[in-house]
Amino acid sequence: MVKYFHQHHEEAENCVHPFPTRIFDKFLRIEMKSREHKVITYNPRERIYMVRSPIRVSGIGNNVYTLRLNNNSCSCGKWQMYTLPCSHVLVVCRENGSRTDTYVPEIYSRMYRRTYQSNFHPVLSENFWRDVPFNLTFYPPNMKKERGRKQGKRFKGEMDYSGFSPKMC
């Protein structure tokens with residue numbers, strides 16, 4: 001645990017990118033993918049765009065995705081799922097000349113650095129703990145297994161009530 005914290009502390013301290021290395025690498029891969037897309041301006045006042053993906057050799061592609069920058073949503077669903085902008089967001093930002101890092105949540109930038117900026121102090125052995133003025137009592141759970149089959153819970157139907165007689169044909 002200490003080793004893990006130390007590695008992330010060093011990465012946060014020495015990071016030259018706006019994001020952690022792993023996130024920055026993923027961001028670069030998404031950026032490369034976005035260069036193949038074409039933007040169709042749909043409604044720039046409400047910041048709604050349509051983006052067309054290229055046709056691949058396998059015949060897959062040529063899909064149209066609706067991007068809503070005001071709602072941080074794309075019809076591909078990746079932006080909502082991963083909270084990192086998808087390739088459709090990056091191509092629209094490149095077309096508009098806006099900054100792409102404004103759509104990256106703080107958890108991948110400032111929050112990450114703040115999480116690992118302090119030092120990690122491991123907990124010492126119980127011999128060094130101070131005594132507390134109260135008594136902690138822990139009762140073990142009842143692990144005794146009851147005999148027999150467990151009674152199931154079921155909903156009663158009309159056959160369970162008295163006065164029911166099956167009809168004969």
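**Entry 1: the sheet**

In what order do the strands of the open sheet lie, and is their pairing parallel or antiparallel? I looked this up first, keeping in mind that the model is predicted. I found 4 strands in the order S1-S2-S3-S4, paired in the antiparallel sense. Next I checked the edges of the sheet. They are formed by strand S1, residues 38–43, and strand S4, residues 73–74. Each of these two has a pairing partner on one side only.

**Entry 2: the S2 and S3 pair**

I then picked out S2 and S3. Strand S2 covers residues 48–52 and strand S3 covers residues 64–68. I noted 5 bridges for this antiparallel pair. For one residue I looked across to the partner strand: Arg52 has Val64 of S3 opposite it.

**Entry 3: a residue in the loop**

Which loop holds Ile60? I located Ile60 in the stretch that links S2 and S3. Is Ile60 buried or exposed? Its relative accessible area is 54%, and a residue counts as exposed when this value is over 50%, so I wrote down Ile60 as exposed. I also asked what Ile60 touches. Leaving aside residues up to four places away in sequence, I found contacts with Pro54 and Ile55. For a distance, I took Ile60 and Lys33: they are 27 residues apart along the sequence, and their C-alpha atoms are 15 Å apart in space.

**Entry 4: stepping back to the whole chain**

Now for the overall picture. I counted 5 helices and 4 strands in the protein. Reading from the N terminus, I get the order α-α-β-β-β-β-α-α-α. Why do I call the protein more spread out than a compact globule? Its radius of gyration is 29 Å, and the globule rule gives 15 Å for 169 residues; the value for the protein is well over that, so the protein is more spread out than a compact globule. I also noted the span of the C-alpha trace along its principal axes, which is about 80 × 75 × 35 Å.

**Entry 5: surface, contacts and charges**

How much of the protein counts as buried? I noted 24% of the 169 residues. The exposed area comes to about 14,700 Å², with 53% of it supplied by carbon and sulfur atoms. For contacts with a separation of 6 or more, I saw that 43% join residues 24 or more positions apart. Last, I looked at the charges: there are 28 positive and 15 negative ones, and their mean positions lie 8 Å apart.

Note on methods:
Residues numbered from 1 in each chain as written. Predicted model: local features only at pLDDT ≥ 70, side-chain atom pairs only at ≥ 80, totals over all residues. Heavy atoms only, no water. Rg over C-alpha atoms; globule rule 2.2 N^0.38 Å. Buried < 20%, exposed > 50% of the residue type's maximum accessible area, 1.4 Å probe, protein only. Contact = heavy atoms within 4.5 Å. Areas by Shrake-Rupley, 256 points an atom, 1.4 Å probe, with all protein chains shown as cover. Lys, Arg positive; Asp, Glu negative; His and termini not counted. Charge placed at Lys NZ, Arg CZ, Asp CG, Glu CD. Pairing = 2+ DSSP bridges.
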